[in-house]
Amino acid sequence: MQKTLSRTRYLSCVAILSAVATVLMYLEFSIPIIPSFIKFEFSETPALIASYALGPFAGVLICFFKNLLHLFGTTTAGIGELSNFILGVFLVLPAGLIYKSRKTRGTAFVGALVGSFLMAGASMITNYYVIYPVYQNFMPMEAILAAYKAICPLADNLWKALAIFNLPFTFVKGIVDTIVTFLLYKFLSPIIKGYHLPKRKKAIDSATKEKQSNIIHAQQNIESSTSADKNVCDKTIVAENIAEVKDSVDITNAADSIVANTAKVENITQTNNCLQAKTVDNAIETPTVGENGFVQENK
């Protein structure tokens, strides 16, 4: 049972769909291109709808209950109902399981297609080993084969008759049930699941809006935290650049100071050299005056 449905609602839907399927079993009709004892009806459609909406087990339950109720008016001593139940399970169970794995329109169709193939294959086995051996108590095998051969002379034995008539008939029946299910499911699914109820719809809308609001807040928090981290990173980079510039300026100022001091030292040295040279020249060129007032030569 699906968690979104209450047990009461689940059982109520199964009961109602089983009743509908039972009524559809009584609305059977013959098709001119196949023997008259092969009937066409749409009783698998409610079971297929339930298999999609409520789960595959619900479809199996409907197949069981519709045949159980049909036993009260059976003309085949229950053999026809047994065959119908087996073939119905081969249709609705694979369809429901495949759809449950991934709930899309495509997987629903694939599941029904697989179920139709399996149901057609199972019809060969059940008819050959179960249905027709019992029917021989009411109708001789020669009469059964004669009904087939009257339409197609190639059906001269039971296997050929089943392959020519029952196999494609059962497959087409599964496809027709699938088409009817797809036409009705869109309208019936919300009713079965209770989505049409105002309170439930309001609760679902409220929960959806709350989830959307939480997603928006989460995105805003991520954006704000990202922006804050970016600002911190930018400030760190700027501070590092400023520190590097200050270091460069300090190094440049120190270098300029050293160059200036070096120039001063060179100027002082040059000045001292000039003064020393002048002193020597003066000592050479200046005459010596004796006590008598005459100039004496320097030796």
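Start by selecting L188, which is found in helix α7 (residues 158–193); helices here are DSSP runs of H or I, at least four residues, numbered from the N terminus. This is a predicted model, in which local features need pLDDT of at least 70, side-chain atom pairs count only at pLDDT 80 or more, and totals for chains, interfaces and linings use all residues. Residues are numbered from 1 along each chain as its sequence is written, and side-chain values use heavy atoms, with hydrogens and water left out.

L188 has a relative accessible area of 32%, so it counts as partly exposed (buried is under 20%, exposed over 50%, partly exposed in between; 1.4 Å probe, protein chains only).

Next, select K100, placed in helix α4 (residues 79–101). K100 counts as exposed because its relative accessibility is 57%. Add P56: the two residues are 44 apart in sequence, and their C-alpha atoms are 8.1 Å apart in space.

Now go to the interior. The largest nonpolar core (buried Ala, Val, Leu, Ile, Met, Phe, Trp, Tyr and Cys joined through side-chain atoms within 4.5 Å) has 30 residues, and V14, Y52, L54, I62, V92 and I192 have the most contacts inside it. Two or more residues of this core come from each of α1 (7–26), α2 (44–53), α3 (56–70), α4, α5 (105–135) and α7. Then select I38, L145, L158 and F169, which are among the 16 residues of a second, separate core. In soluble globular proteins, nonpolar side chains tend to be buried together.
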